[in-house]
Structures are given as structure tokens and as C-alpha cells.
Amino acid sequence: MGRSRRTLPEELLLLALDPATGTTAQPQSLDLGLAGAQLVELALAGRIAPDGDRIAVVVPRPTGDPTLDCALELLRRRGAPVRAVHWIGGPRLGLRQTYLSHLERCGMVHAVAGQMCGVLPTTRYQATDTEISREIRARLDSAIRTGVPPDPRTAALAALAHAVGLGKHLYPGNEGRSSRSRLRDLIRHDPMGGLVAHAVMDVQNGAAAQPRRSSAPAGRQAPGGRGAPEPARGVPAQPHRGSMARAAVH
């Protein structure tokens, strides 16, 4: 995959970056959104495909993007399609910082060191080229304003922005209500983006744990005499929200 085009995780992060404060909006849900954006980017690259509510690797060949290829390899090692909600709900410690560091290396943002309460060190990130962020935002604004079905990449970006709660950051207040509603409606224009966005929202609502709570131990039957569905291997019952919160950039 060439580097002339920004990836969806990078675009989602740039959308979330507040130019005034240098912090990211919706930090905990944004971690989930970045994991979901990786799935959409891999699907756009032809490496994975949806299989019902699961994600299947169809072409294990690396993309050339180290962070995406790490995700692709982890999916390949599963050996079987994995539920999107379980993948997104898994621990993603440091994913946001990984992408912030990447954007800094690419010259899209620069780090500004500071202190919280005059003691604790903090790092804020300022965009070095606001034109890039404006171009990304303009694509969403155009899709919302014109009502013309957007391309799959923009539709997926809109779906992810809605899923992680960026609507109130991008279109605040009562005057932004209709724009937030139309942003939500764009979720239907890309099947993969819609699948991933719904998975992100399900994780936030705790739905990722439901199949595991209803599962019976191996070799036993669930109540009613029917075998319980096989739980996904190696998938935590709950997302590690505390870990993601500790990884947040202030």
C-alpha cells in the first residue's frame, strides 16, 4: 500500500484532534474506533472481508503499512473468522499513541510538551498542516450537505466518527443537531464501515460480553438441552477500558 494516501485510522485521529487544545476528543471510544478503522482499511485493501458479523482474512499478503500489517497478522493467527465486536473489544493499549507518533514522523502533527498541575508531564499534539484536516472535514461536510452517496472511504469515516461520538465535537450544539443526524445516516452507505461502526457501539454498550455470558463450559450443554455456541478463542469478555484510559493523551 502506497503512502500517498492517508489511512482511515490516521484520518479518524486527525478529525478527533482538537486544534485549540491539542488533545483528542472522545479518547476512550476513539481507541475502539481506531481498531475498527484498521479493519475497514484492510477491507479496502482487499486483505479481509466480512463474513456475517465476523471478519475473515482473504489475502494474508502484507500491505506495507507496519501497523496495519500487525493487525492483519493477528487476524491471520486466529485461524478462523473472528466476530468484529470481539476484535474491536480486545485490548488495544497504545494504539492511539502509535498513530500519533506516526503522524508526528510524517510531519502532520508536532508534539508540545507541558505539565498538568505544574507537576505531571503531558504531551499535546498540534497539526502542522491544518489544510489536511480541513480537507478531511470538507469531505464529511459535503456528504452531509449534498446528500449524494459518498465514496466508501468517506462513508466509513463518517460511520466511525458517529460511532465514537465525534458528531458532537464536529457539529456541536443545537445548530449542529441536523448535521449529527445526517452523519449518523451515512453509516448505511458502506457495508464494512457499517458493520465495524455498529461493533464499536456494541462494545461501548457492553454487548461484546453477551455471547460469552450465555456460553456453557466445553463438553456441557446450555439450559434447555441445546449446546451452547462456541466462545471466540482468546477474546476477553470485556474491553480493557481502564488500560485504554491510561493510554489517553492529555
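The expected span of a helix is 1.5 Å times one less than its number of residues. Keep that in mind for one of the stops below. One more thing before you click anything: this is a predicted model.

**The whole chain**

Start with everything shown as a cartoon. You should find 12 helices and 5 strands in the protein chain. Of its 250 residues, 44% are buried. Now think about contacts between residues at least 6 apart in sequence: 68% of them join residues at least 24 apart. Switch on the surface if you like; the accessible area is about 12300 Å², and carbon and sulfur atoms account for 53% of that.

**Helix α2**

Select residues 27–44, which is helix α2. From the first C-alpha to the last, its 18 residues reach 25 Å, close to the 26 Å expected at 1.5 Å a residue. How many of the 18 residues of α2 are buried? The count is 14, so α2 is mostly covered, given that buried means under 20% relative accessible area. Step just past the helix to Gly-46, where phi is positive, near 80°.

**Helix α1**

Next, pick residues 8–16 for helix α1, where 9 of 9 residues are buried. The buried residues include Pro-9, Glu-10 and Glu-11, along with Leu-13 and Leu-14. Leave Glu-10, Leu-13 and Leu-14 highlighted, as they turn up again at the next stop.

**Leu-103**

Jump to Leu-103 in helix α5, residues 95–105. Is Leu-103 buried or exposed? It is buried, with a relative accessible area of 1%. Show the neighbors of Leu-103, leaving out residues up to four places away in sequence, and you get Glu-10, Leu-13, Leu-14, Met-108 and Val-109. Try the distance tool on the C-alpha atoms of Leu-103 and Glu-10: they are 93 residues apart along the chain, yet separated by 7.4 Å.

**Where α6 meets α7**

For the last stop, select helix α6 (residues 130–146) together with helix α7 (residues 152–163). Two packed helices are described by the angle between their axes and the distance between the axes. Here the axes come within 10 Å and cross at roughly 90°. An angle of 65 to 115 degrees counts as roughly perpendicular, so that is how α6 and α7 are placed relative to each other. Turn on side chains for Ile-136, Arg-139 and Leu-140 in α6, then for Arg-153, Thr-154, Leu-157 and Ala-158 in α7, to see the residues that make the contact. Color them by class and you'll have 4 nonpolar, 1 polar and 2 charged residues.

How values were computed: Residues numbered from 1 in each chain as written. Predicted model: local features only at pLDDT ≥ 70, side-chain atom pairs only at ≥ 80, totals over all residues. Heavy atoms only, no water. Helix = DSSP H or I, 4+ residues; strand = E, 2+ residues; numbered from the N terminus. Buried < 20%, exposed > 50% of the residue type's maximum accessible area, 1.4 Å probe, protein only. Contact = heavy atoms within 4.5 Å. Axes fitted to C-alpha atoms, helices over the stretch in contact; angles between N-to-C directions. Parallel < 35°, antiparallel > 145°, perpendicular 65-115°, else oblique. Nonpolar A, V, L, I, M, F, W, Y, C, P; charged D, E, K, R; others polar. Areas by Shrake-Rupley, 256 points an atom, 1.4 Å probe, with all protein chains shown as cover.
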